[in-house]
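Hi,

Here's the structure I said I'd pass along. Have a look at it first, and then read on for what turned up.

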Amino acid sequence: MFYLNSVLLAANGQQGGGMVQLVMMGAIILVFWLFMIRPQAKKAKEQKKFVDNMQKGDKIVTIAGIHGVINKINEDGTIQLEVNPGSYLKIEKSSVSMEWSAALNKAADKK
């Protein structure tokens with residue numbers, strides 16, 4: 001109903017048509033913020049908290065799908081990941097997937 005009213009006001013060329021367009025633009029920006037920006041910011045905050053709380057011995061999965069156990073956390077933002085006994089990879093902390101690591105640990109807990 002509101003949209004139809006705004007279309008009719010804009011079509012008639014009455015005063016207030018510009019105001020209706022501003023209100024509609026504000027509504028679009030609000031919806032964009034509520035459903036796009038805010039959830040991504042929340043997810044980024046959770047990812048940072050997860051990465052900061054990683055410890056030696058945690059099972060993790062990288063974005064590339066590499067599974068392993070943290071052997072050592074370096075000060076330069078890298079992790080030494082043990083993928084097999086005696087086989088190590090050096091990865092960046094930012095390449096760890098929070099969702100996949102949580103799913104891996106949940107599946108391990110069920111067993």
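How many bridges does the pairing of S3 and S4 run over, and in which sense do the two strands pair? There are six bridges, and the sense is antiparallel. Before you get too far in, keep in mind that this is a predicted model.

Some context before the strands. The protein has three helices and four strands. Reading from the N terminus, the order of elements is α-α-β-β-β-β-α, so you can find your way around by that string.

Now the sheet. The four strands make up an open sheet, ordered S1-S2-S3-S4, with antiparallel pairing. At the edges sit S1 and S4 (87–92), each of which pairs on one side only. On average, neighbouring strands in this sheet are turned by 45° against each other, if you ignore direction.

Going through it pair by pair:

- S1 with S2: residues 59–61 form S1 and residues 67–73 form S2, and the two are antiparallel with three bridges between them. Lys59 has Val69 of S2 opposite it. The hairpin here leaves five residues between the strands, and Gly65 has a positive phi near 95°.
- S2 with S3: four bridges hold this antiparallel pair, with S3 covering residues 78–84. Val69 turns up again, this time opposite Glu82 in S3. This hairpin has four residues between its strands, and Gly77 takes a positive phi near 90°.
- S3 with S4: this is the pair with six bridges from the top of this mail. Thr78 has Glu92 in S4 as its bridge partner. Two residues lie between the strands of the hairpin, and Gly86 in the turn shows a positive phi of about 90°.

If you want one residue to click on, try Val69: it stands opposite Lys59 and also opposite Glu82 in S3. For the backbone, Gly65, Gly77 and Gly86 are the ones to pull up, each with a positive phi in its hairpin.

What about aromatic pairs: how many does a search of the whole structure find? Zero. There is a ring with a charge over it, though: Arg38 has its charged end over the ring of Trp33, 5.8 Å from the ring centre.

Finally, some totals. The protein has 111 residues, and 17% of them are buried. Its accessible surface is about 8500 Å², and carbon and sulfur atoms account for 62% of that. Among contacts with a separation of 6 or more, 35% are between residues 24 or more positions apart.

That's what I have for now. Shout if anything is unclear.

Cheers

Definitions and conventions:
Residues are numbered from 1 along each chain as its sequence is written. This is a predicted model: local features need pLDDT of at least 70, side-chain atom pairs count only at pLDDT 80 or more; totals for chains, interfaces and linings use all residues. Side-chain values use heavy atoms; hydrogens and water are left out. Two strands pair if DSSP finds at least two bridges between them. Buried means under 20% relative accessible area, exposed over 50%, partly exposed in between (1.4 Å probe, protein chains only). Contact means heavy atoms within 4.5 Å. Accessible areas come from the Shrake-Rupley method with a 1.4 Å probe; for residues, only the protein chains shown count as cover. Axes are lines fitted to C-alpha atoms, for helices over the stretch in contact, and angles run from 0 to 180 degrees between N-to-C directions. Rings of Phe, Tyr and Trp (its six-membered ring) pair if their centres lie within 6.5 Å; planes under 30 degrees apart count as stacked, over 60 as edge-to-face and the rest as tilted. A charge sits over a ring if NZ of Lys or CZ of Arg is within 6 Å of the ring centre and within 35 degrees of the ring normal.
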